[in-house]
Amino acid sequence: MIVSHGVDFESSAMAGHRILILGGTTEARGLAEKLASRGDIAATISLAGRTLDPKPLPLPTRIGGFGGVEGLVDYLAQENIGLLIDATHPFANRISANAATAAERAGCAIFALRRPAWEAMAGDRWTRVADIDSAVAALGTIPRRVFLAIGRQEAARFSAAPWHGYLVRSVDPVDPPLGVADCRYILSGGPFTVEDERHLLVENRIDVVVSKNSGGAATHGKIAAARDLGLDVVMIERQEPPGIAAVGTVEAALALIDQTLPPAWKRGV
Ligand code: NAP
């Protein structure tokens, strides 16, 4: 039996010859680019469809939910998927749980490509919280100027603290908008440099940054800039991920695929 990092490739290799990447992240895109340029692996990438105008990907791409665990199990069987790679965002908890369950039911190998969380450094002024509601509460009752950089889906939950002033940044418009008197919106997907983030925080007289602990370099600039400026950060921490094998980088994902890739997966074999 070929087992690597707890991934049982041998039994799943009999079940399928394709890779399905669950995407929506920089890492999923990076992995897709590497696999596409190799050309010896048949892989598809899946997006939820949240981004209105996603950048094209270099692999066959399907868009939209599967219809829960059952739908994903059916898809894995129909498409002859032998390896499922969960490269979704560390806060996309439902699809990650569904993927782990569906892979087990379908007898399909699975591992996660999940970038490590950021660690606080000397000078950081983080208040760590477990979820969005706790982040809202952590802002307190005294009006502050808040930079909200958690994506658009949950931004409106900050309407529960309407006494603060908000600067909200997201890739697509926040709809419905926050039900607060003082709110400005910026549309941008990054990556963001520390210097630009420092400028943004100073120019908008921000007191506190609210962030998910997403990890990775592309959005870390605001965290470093807040440290430089001595600003508070309300850091929403990740939930415990499903207990499947996980790697932290595209390179490690490629190595894990390569170490154990059964010959039958190679395109044209
Ligand atoms: P979620 O709450 O974990 O998933 C909700 C539902 O969306 C899932 O049950 C599934 O629908 C569908 N879905 C999610 N990811 C999918 C994918 N890659 N392919 C096909 N269907 C998918 O997810 P979320 O937090 O809304 O995130 C949605 C997508 O945005 C993810 O792909 C994630 O990588 C990306 N993203 C999320 C965040 C974040 O902060 N949450 C940030 C950046 C990017 P069915 O049950 O019908 O299959």
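Ala, Val, Leu, Ile, Met, Phe, Trp, Tyr, Cys and Pro count here as nonpolar, Asp, Glu, Lys and Arg as charged, and the others, Gly among them, as polar. The model is predicted: local features need pLDDT of at least 70, side-chain atom pairs count only at pLDDT 80 or more, and totals for chains, interfaces and linings use all residues. Residues are numbered from 1 along each chain as its sequence is written, and side-chain values use heavy atoms, with hydrogens and water left out.

**Exercise 1. Determine the class composition of the shell around the ligand, and state which residues come nearest.**

Solution.
1. A residue is near the ligand if one of its heavy atoms lies within 4 Å of it. There are 22 residues around the ligand, and G23, S46, F66, G67 and K212 come nearest.
2. By class, the shell divides into 12 polar, six nonpolar and four charged residues.
3. Helices (H or I, at least four residues) and strands (E, at least two) are DSSP runs, numbered from the N terminus. Helix α4 supplies the largest share of the shell, four residues.

**Exercise 2. Identify polar atoms that lie close to oxygen atoms of the ligand, and state how much of the ligand the protein buries.**

Solution.
1. The criterion for a polar contact is a pair of N or O atoms within 3.5 Å; within protein, one must be able to donate a hydrogen and the other to accept it, and residues adjacent in sequence count only if both atoms are side-chain atoms.
2. From the backbone, an N or O atom of G23 lies 2.8 Å from a ligand oxygen, and one of G68 lies 3.1 Å from a ligand oxygen.
3. From a side chain, a polar atom of R50 lies 3.0 Å from an oxygen atom of the ligand.
4. The ligand taken alone exposes 810 Å², of which the protein buries 82%; accessible areas come from the Shrake-Rupley method with a 1.4 Å probe, and for residues only the protein chains shown count as cover.
5. The elements giving two or more residues to the shell are β4 (43-47) and α4 (93-106).

**Exercise 3. Establish the strand order of the sheet that contains β3, and locate its edges.**

Solution.
1. Two strands pair if DSSP finds at least two bridges between them. The order is β5-β4-β3-β6-β7-β14, an open sheet of six strands with parallel pairing.
2. The edge strands, β5 (61-63) and β14 (246-247), each pair on one side only.
3. Four bridges link β3 (residues 18-22) and β4 in the parallel sense. I21 has I45 in β4 as its bridge partner.
4. Helix α2 (residues 26-38) packs on this sheet, touching β3, β4, β6 (81-86) and β7 (109-113), where contact means heavy atoms within 4.5 Å. The direction of α2 makes about 155 degrees with that of β3; axes are lines fitted to C-alpha atoms, for helices over the stretch in contact, and angles run from 0 to 180 degrees between N-to-C directions.

**Exercise 4. Describe the sheet that contains β8, and explain why β8 and β11 each have one side without a neighbour.**

Solution.
1. This open sheet of six strands has parallel pairing and the order β8-β13-β12-β9-β10-β11.
2. β8 (125-129) and β11 stand at the edges with a single partner strand each, so one side of each has no neighbour in the sheet.
3. Neighbouring strands are turned by 20 degrees against each other on average, direction ignored.
4. β8 and β13 (residues 232-236) run parallel and are joined by five bridges; R128 stands opposite M235 in β13.
5. Helix α7 (residues 221-229) packs on the sheet and touches β8, β9, β10, β12 and β13.
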